[in-house]
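Please walk me through this model in the viewer, one selection at a time. I want to know what to pick next and what is there.

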Amino acid sequence: MSKADEYLKQIDTLDKLKQAAIDELKGIIAEAEEKLAKLGVGVGGKRTGIKRPRDPNKKCPICGELGHDGRFHRSDKVKKKKVS
Ligand SMILES: [Zn+2]
């Protein structure tokens, strides 16, 4: 393997590692926000815009979980595109 190929491979590996780290952190945030939403606590900030759920018994159309709606998964869609 040439140095150039090796370099490019390393960059690719680091990029994937970085993306995995980001996804991991996002997952932690999403989990915490979902728990907060279930507790009826609106999460501030622009990321999800989750406010108090209008109907806590209405299931999410995407994952079927209670406590949030489809908007909760907007960041998931972005994530999947990047990973692939
Ligand atoms: Zn969901």
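Color the protein chain by burial to begin: buried residues make up 6% of its 84 residues. The model is a predicted one. Switching to a cartoon display shows two helices and zero strands in the protein chain. For a contact map, take the pairs with a separation of 6 or more: residues 24 or more positions apart account for 29% of those contacts.

Next, select residues 3-38, which are α1. This helix has 36 residues, and from its first C-alpha to its last it reaches 52 Å, close to the 52 Å expected at 1.5 Å a residue. How many of the 36 residues in α1 are buried? The count is two, so α1 is hardly covered. Just after α1, pick glycine 40 and check its backbone: phi is positive, at about 80 degrees.

Continue into the loop between α1 and α2 (74-83), and select asparagine 57, which lies there. Is asparagine 57 buried or exposed? It counts as exposed because it has 7 C-beta neighbours inside 10 Å, and the cut-off for exposed is 12 or fewer. Add glycine 67 to the selection and draw a C-alpha to C-alpha distance: asparagine 57 and glycine 67 are 7.2 Å apart in space and ten residues apart in sequence.

The last stop is histidine 73, also found in the loop between α1 and α2. Histidine 73 has 18 other C-beta atoms within 10 Å and is therefore partly exposed, since a buried residue needs 20 or more. Which residues does histidine 73 touch, not counting those up to four places away in sequence? They are Ile62 and Cys63. A distance drawn between the C-alpha atoms of histidine 73 and cysteine 63 reads 8.7 Å, for a pair ten residues apart along the chain.

How values were computed
Residues numbered from 1 in each chain as written. Predicted model: local features only at pLDDT ≥ 70, side-chain atom pairs only at ≥ 80, totals over all residues. Helix = DSSP H or I, 4+ residues; strand = E, 2+ residues; numbered from the N terminus. Contact = placed C-beta atoms within 7 Å. Expected span 1.5 Å × (residues − 1).
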